[in-house]
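User: Please take a close look at the cysteines in this model and tell me how they stand with respect to disulfides. Some words on the sheet would also help.

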Amino acid sequence: MDDCIFCKIIKKEISGEFLHEDEHSIVIKDLYPKAKTHLLILPKKHIPSVIELEEGDEKIAGHMIKVAKDLAEKLGLKGYKLQINVGKDGGQEVFHLHLHLLSTFA
């Protein structure tokens, strides 16, 4: 999407602090952290929300969780929370699927 801020970050049209990048996803720090560690795992494919997942996208969703797990281990997090907000009524503010990795431990 042309007006999606996360797509612009993924395309490096807007700067962001990339903590991880692979062929399917990127990880950036949340600009408005809600915890000591607050990272966003973004799929490179534009999917507006969980509601918009299509056949085959479960691989992308699974990959996002695996990236979160690997980063948590790398950062030495003792515990963490994974959160996906779904739709405006579910607290979603940016309509590009993203997974929050939050921890107060590191």
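Analyst: A search of the whole structure finds 0 disulfides, a disulfide being a pair of cysteine sulfur atoms within 2.5 Å. This is a predicted model, in which local features need pLDDT of at least 70 and side-chain atom pairs count only at pLDDT 80 or more, while totals for chains, interfaces and linings use all residues. Residues are numbered from 1 along each chain as its sequence is written, and side-chain values use heavy atoms, with hydrogens and water left out.

The closest cysteine sulfur to that of Cys4 belongs to Cys7 and lies 3.7 Å away, which is too far for a bond. Seen from the other side, Cys7 is in no disulfide, and its nearest cysteine sulfur is that of Cys4. Cys4 counts as buried because its relative accessibility is 7%, and Cys7 is buried as well, with a relative accessible area of 6%; buried here means under 20% relative accessible area, with a 1.4 Å probe and protein chains only.

As for the sheet, 5 strands form an open, antiparallel arrangement in the order S1-S2-S3-S5-S4, where strands are DSSP runs (E) of at least two residues, numbered from the N terminus, and two strands pair if DSSP finds at least two bridges between them. Strand S1 (18–21) and S4 stand at the edges with a single partner strand each, so one side of each is left without a neighbour in the sheet. S4 pairs with S5 in the antiparallel sense over 3 bridges, and Lys81 stands opposite Leu102 in S5.

Terms used. Buried means under 20% relative accessible area, exposed over 50%, partly exposed in between (1.4 Å probe, protein chains only). Helices (H or I, at least four residues) and strands (E, at least two) are DSSP runs, numbered from the N terminus.
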